[in-house]
Amino acid sequence: MHYVSILSALTASATLIAAVPATNKFVKPFYTDLRLIKTSEADPGTWVTEEEKLTNYVAKKIGFIDITDITNDTTLARLSTAQDELVSVAAVTYPTTLTRQTEANALIANLSQTGPKSWLLTLTNFYNRYYRSTYGTQAGTWLLSELQSIASVNSAITVTTFAHSFSQPSIIVKIPGTSSNLVIVGAHYDSTGGSSTARGPGADDNGSGVVTQMDALRVLANAKFAPKNTIEFHFYGGEEGGLLGSADVFRSYASAGKTVLAVVVQDMTGYSPSGKVSVYTDYSDSGLVAYVRKNVVQYTGLAYTTDACGYGCSDHASAYSNGFPASYVCDEVMATSDPYIHSSQDAYSTISFDAILRHSKFTVGFLVEASYI
């Protein structure tokens, strides 16, 4: 998912609920299975069906967050507060210089396009990876098996599933450090073609982000990389339904009082006319954004581009709304971004594996550097 909210284009058929934005004291209509979504901080919420999410919002490139299951008043308040008034609850001071280039570059040299090409072909061969479909569940089962295989070379690494109210799980791969403080990279693996029954190969959105992380994990696992801070690779289900999987994960982390030093989400890494990595600025921690930019320049050897993607554009918003420092990295700015997403044309043939490799280099470099914060 990746779009700027276009509220003027909003033609959803459901009824707008008048309520105080900072709370979730809504009465759900009793007669059907509806979900409550927000399209902006000021939007009090709209009840819609699961199908309307896709046809009236995703297909029309209108960003939204499903808040039906969010009950924490602080999180709801953050989702209803202008971003220029927000700061990360867990403030982190990031290094002003990078110091692990020798170690990181040695690992980066082991990245390859072989695995990403094979993994992405399998992901796009699922009819779609819609999070409420059998295909979406099957994709999760396949991904879990592949991640377990990648991690098996290092017995210290754990691979677990995070269950949701829908059948598609999120998957969390943990490389334990000497500290329990967490550095997280995340990517969603569900996809949509614009409706629940449409063909949705999701090559760029977000098979590309998934395989970017998989190859970074492969390299760190094979090297038996032993970080100071604990590293987690997150693979979220249900992003196209309004950031559902990541919302559950970060709600759990906030409730458990986990210390999260950084969350970097990559959603779309395989379509890049500019040939650069784009670091977005909205719903993100400014200190982490600056640190991410340093890593992009250092480990891709290129300048970054920058943009803003709007309300609910990807899973970093879930981390940020729960008070964790977050950043969003993508393959292109909005004006030249992938025109094929959320359709049957988001196909394997449109992907640049050079772009994916560029993002994998950034991922490895960032994780090595951040693991010593």
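**Figure 1. Eight salt bridges occur in this predicted model**. One of them joins the side chains of Arg-132 and Glu-50, at 3.7 Å from N to O. Arg-132 sits in the loop between α4 (114-125) and α5 (134-151), while Glu-50 belongs to helix α1 (residues 50-58), so the pair ties together parts that are 82 residues apart in sequence. Arg-132 is partly exposed, with a relative accessible area of 43%. Glu-50 is buried, at 11%.

**Figure 2. A salt bridge within helix α6 pairs Arg-218 with Asp-215**. The closest N and O atoms of the two side chains are 2.6 Å apart. The residues are three apart in the helix, which separates them by about one helical turn. Arg-218 is partly exposed, its relative accessible area being 21%. Asp-215 is buried, with a value of 0%.

**Figure 3. Helix α7 also holds a salt bridge, between Asp-248 and Arg-251**. Here the N to O distance is 2.3 Å. Both residues lie in α7 (residues 244-256), three residues apart, or about one turn of the helix. Asp-248 is buried, with a relative accessible area of 16%. Arg-251 is partly exposed, at 24%. Elsewhere, shared partners link salt bridges into one network of Arg-35, Glu-50, Lys-53, Asp-66, Asp-69 and Arg-132.

**Figure 4. Eight strands form an open sheet with mixed pairing**. The strand order is β4-β5-β7-β6-β8-β11-β9-β10. β4 (158-162) and β10 (305-307) stand at the edges. Each has a single partner strand, so one side of each is left without a neighbour in the sheet. On average, neighbouring strands of this sheet are turned by 25° against each other, direction ignored.

**Figure 5. At one edge of the sheet, β4 pairs with β5**. The pairing is antiparallel and runs over five bridges. Strand β5 spans residues 170-175. Ser-170, in β5, is the bridge partner of Phe-162.

**Figure 6. Helix α6 lies across four strands**. The helix covers residues 203-222. The strands it crosses are β5, β6 (179-188), β7 (229-236) and β8 (260-266). Relative to β6, α6 runs at about 145°. The Arg-218 and Asp-215 pair of Figure 2 belongs to this helix.

**Figure 7. Helix α3 has buried residues on one face**. The helix spans residues 101-108, and its buried residues include Ala-104, Leu-107 and Ile-108. Seen down the axis of α3, the buried residues fall within an arc of 100°, so they line one face of the helix. Among the elements covering them are α6, α8 (286-300) and α10 (353-370).

**Figure 8. The whole protein sets the context for the close-ups.** Its secondary structure comes to 10 helices and 11 strands. The radius of gyration is 19 Å, which agrees with the value near 21 Å that a compact globule of 373 residues would have. Along the principal axes, the C-alpha atoms fill a box of roughly 60 × 40 × 40 Å. Of the 373 residues, 60% count as buried. Among contacts between residues at least 6 apart in sequence, 81% join residues at least 24 apart.

Notes: Residues numbered from 1 in each chain as written. Predicted model: local features only at pLDDT ≥ 70, side-chain atom pairs only at ≥ 80, totals over all residues. Heavy atoms only, no water. Pairing = 2+ DSSP bridges. Axes fitted to C-alpha atoms, helices over the stretch in contact; angles between N-to-C directions. Contact = heavy atoms within 4.5 Å. Buried < 20%, exposed > 50% of the residue type's maximum accessible area, 1.4 Å probe, protein only. Arc of directions from axis to C-beta. Salt bridge = Lys/Arg side-chain N within 4 Å of Asp/Glu carboxyl O. Rg over C-alpha atoms; globule rule 2.2 N^0.38 Å.
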